[in-house]
Amino acid sequence: MKEYASEKIRNVALIGHGGVGKTSLAEAMLFVMGETTRLGKVVEGTTVSDYHPDEIDRKHSISTSLAHGEWKECKINILDMPGYSDFLGDTKGSLSVADLALVLINGVTGIEVGTEQVMEFADEYHCTRLFFINRLDAEHAKFDAVLKSLQDRFGNNVVALQFPVNPGEGFNCIVDVLNQKLLTFETAGGGKASAGDIPENLKKQTAEYRSRIVEAAAESDDKLLEDYFAAGELTEDQLKQGLAQGLLKGNLMPVFCGSAEKNAGTSALLDFICEYGPKPQDVKKVEGVHPDNKSKVEWGSTSKDNLCAYVFKTLVEAHVGELSLVRVYSGQLTVGAEALNASNRQVEKIGQIYTLNGKNRKELGVLTAGDIGALVKLRNTFTGNTLCDKKHPVLLEPIHFPEPLISVAIKPKTRGDEDKISNGLHMLRNEDPSFTVVNDAELHQTILSGQGEMHLTVVIKRLKERFGVEVTEERPKIPYRETITGKADEKYRHKKQSGGAGQFAEVWMRIEPLPRGTGFEFVNDVHGGHISGPFIPSIEKGVRQVLETGPMAGNHVVDVRAIVYDGKEHPVDSKDIAFQIAGREVFKQLVLNAKPILLEPIFDIEVKVPEDCMGDVMGDLSGRRGKIMGMDAKGHFQVIKAKIPLAELDRYATTLRSKTSGRGIFTMTFSHYEPVPKELEARIVEEAKKTKEQEKEA
């Protein structure tokens with residue numbers, strides 16, 4: 001396998017809204033570069049990058065795939081990333097290692113909510129960006145309107161380097177403004193283009209586009225801008241310099257166009273990526289911390305620098321086992337060498353190294369700075385770990401995955417499978433850290449949380465297929481709280497005499513509410529020695545038992561002050577357990593006498609939707625007891641801010657997708673607790689009592 005110098009490597013991430021054609025473009029790029037002999041199709045399940053059975057069945061990407069090819073002596077690594085919101089955690093993680101984000105836009109529908117999301121990820125990682133307006137062979141394709149919407153949303157630094165001549169069903173011609181050529185493509189989808197002169201009727205439009213390109217290139221550099229003002233034009237060399245600098249600085253976001261399925265526009269796109277695309281050493285120097293003392297560590301990004309590599313994804317492949325997808329930032333990874341995992345201080349021996357085209361592998365002897373490949377069967381290295389030189393350790397910042405939006409409680413179908421489930425989910429999380437598993441001691445449930453219903457379905461399916469365990473799904477319980485709104489005063493005597501040593505304790509206590517969020521306060525106000533000092537902690541221990549399982553519906557009791565002010569004891573029969581019981585029982589009674597109420601968790605949510613979906617989404621939020629707090633316009637979208645009870649958010653991700661045809665997304669964060677409406681409170685308490693009785697009978 002040919003070894004490439006760092007300056008000859010381009011790392012390109014294909015990102016965009018779900019269904020916009022990323023996998024089809026990856027397929028076209030591989031075909032043009034000669035890596036495949038035919039164009040695979042998503043609908044037929046024959047593409048290189050969507051090769052997992054789940055992806056073939058669902059006809060869209062579920063996880064990032066790595067592919068590569070050679071064009072104009074450059075190695076182009078292609079990261080084909082999911083676009084559906086359920087799997088955007090994978091997209092964010094993989095985008096962290098890309099140098100160029102190629103954002104696909106649907107030529108019919110334009111900017112979609114997923115576009116906004118991935119652009120935010122690209123901004124976070126300071127990725128160079130360019131747009132490819134796809135599907136221009138569709139009946140209602142509208143290049144001009146889509147271009148204008150991109151410029152309105154992302155600024156005047158969005159500059160078209162091409163425009164289509166005949167968008168629609170007969171589409172086969174593009175004007176290459178940068179190179180002043182008319183490109184005509186074979187309609188059969190072979191991707192071959194003949195270059196000719198631009199027709200007279202298109203020259204004025206071409207000149208207008210070219211003028212904007214030259215202005216954008218000049219604006220990327222003060223010296224170029226001076227030359228442009230002086231001469232009114234840039235030389236070809238100056239134009240190339242300005243485009244490269246503008247792209248690298250983020251001052252320029254070029255727009256290309258074509259049809260991925262017909263392979264129209266692919267070769268011109270590859271030409272630009274090779275000539276102008278950022279080189280690894282231009283954009284990704286090593287910046288991290290020392291794993292021990294957290295001091296700042298920084299060095300260059302060449303093969304001569306110390307080793308630093310980042311594992312951004314873990315795959316499990318049949319007949320191979322675990323594959324760790326890795327980006328080498330500096331130095332080299334060599335077969336047989338040792339590297340330190342700075343994330344856990346384990347030393348790994350590098351075995352086989354592969355370059356990938358989907359599931360197809362070619363063995364490498366070395367992976368050099370700037371390149372992306374796969375390592376086989378690392379023992380203690382997983383997604384988010386840093387590999388480095390043992391003598392020069394560095395730890396890169398981990399990936400910050402989006403917060404989970406949907407949860408399900410799971411339990412084994414077969415008794416005794418708890419350990420298998422735990423181990424299986426642990427291994428699956430090594431591959432996909434964007435889902436979480438929590439054994440919730442308060443709710444007594446194992447809670448599986450992810451980005452959407454489809455995300456959780458895939459995880460549970462893989463748990464069954466790979467580890468042979470099945471689970472049943474339940475709705476997660478809501479962590480209600482119990483508190484009081486009034487004061488109460490009570491005493492309780494515990495007396496037990498049944499032969500042998502007896503038990504005796506009497507506790508006088510009063511309780512009062514505390515401000516919301518204060519928690520619990522225990523006060524010893526006993527005077528005169530009616531209760532000995534050693535028994536006061538026993539009373540508190542009994543009270544705290546009730547705090548864990550409140551007397552209303554078995555939830556945590558909060559925001560209460562308990563004051564012990566008197567009591568009695570027996571010189572022989574009083575002991576620790578007696579005062580625990582007395583403290584517990586008097587506190588239970590006090591809570592029930594002090595006008596108790598249930599509190600429920602309230603979440604802040606932000607829902608981003610197209611304007612035409614606003615009415616349906618707001619109506620649904622109101623029906624879920626949501627309080628609309630405000631709305632903001634963001635491009636062609638509206639962001640609805642609301643507060644809504646957690647109990648009403650079950651499966652909200654699925655409902656939102658349904659109401660917006662997959663174009664809506666949301667985020668949620670905990671806000672506070674507030675009282676449950678009385679009619680709902682009565683139902684919750686009644687259901688809790690029934691559950692408790694059923695558990696006793698069982």
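Trainee: In this predicted model, how many bridges join strand 8 to strand 9?

Mentor: Strand 8 covers residues 173-176 and strand 9 covers residues 181-185, and the two run antiparallel. Within this pairing, Cys 173 stands opposite Thr 184 of strand 9. The number of bridges that join strand 8 to strand 9 is 4.

Trainee: In what order do the strands of the open sheet stand?

Mentor: In general, the strands of a sheet pair through backbone hydrogen bonds, and they do so either parallel or antiparallel. Here 4 strands form an open sheet, and their pairing is antiparallel. The order of the strands is 7-8-9-10.

Trainee: Which strands of this sheet stand at the edges?

Mentor: A strand at the edge of this sheet has a single partner strand, so one side of that strand is left without a neighbour in the sheet. Neighbouring strands are turned by 25° against each other on average, with direction ignored. The strands at the edges are strand 7 (162-164) and strand 10 (193-196).

Trainee: Which helix packs on the sheet, touching strand 7 and strand 8?

Mentor: The direction of this helix makes about 145° with that of strand 7. The helix spans residues 200-218, and its name is helix 6.

Trainee: Is Thr 355 buried or exposed?

Mentor: Thr 355 lies in strand 19, which spans residues 353-357, and its side chain is joined to that of His 68 by a polar contact of 3.3 Å. A residue counts as buried when its relative accessible area is under 20%. The relative accessible area of Thr 355 is 1%, so Thr 355 is buried.

Trainee: How many residues of helix 1 are buried?

Mentor: Helix 1 takes in residues 22-32 and is mostly covered. Its buried residues include Lys 22, Glu 27 and Val 32, while Gly 34, just after the helix, takes a positive phi of about 85°. Of the 11 residues of helix 1, the number that are buried is 10.

Trainee: Which helix gives the largest share of the lining of the largest pocket?

Mentor: About 1300 Å³ of space lies in the largest pocket, and of the 40 residues that line this pocket, those closest to its centre are Lys 477, Ala 553, Gly 554, Asn 555 and Ala 688. The elements that give two or more residues to the lining are helix 13 (536-548), helix 14 (576-593) and helix 17 (678-697). The largest share, 9 residues, comes from helix 17.

Note on methods. Residues numbered from 1 in each chain as written. Predicted model: local features only at pLDDT ≥ 70, side-chain atom pairs only at ≥ 80, totals over all residues. Heavy atoms only, no water. Pairing = 2+ DSSP bridges. Axes fitted to C-alpha atoms, helices over the stretch in contact; angles between N-to-C directions. Contact = heavy atoms within 4.5 Å. Buried < 20%, exposed > 50% of the residue type's maximum accessible area, 1.4 Å probe, protein only. Polar contact = N/O pair within 3.5 Å; in protein donor to acceptor, adjacent residues only side chain to side chain. 1 Å grid on protein atoms, 1.4 Å probe; cavity = no way out; pocket = protein on both sides within 12 Å on 5 of 7 lines; lining within 4 Å. Points joined across faces, edges and corners; volume = space filled by probe spheres on them.
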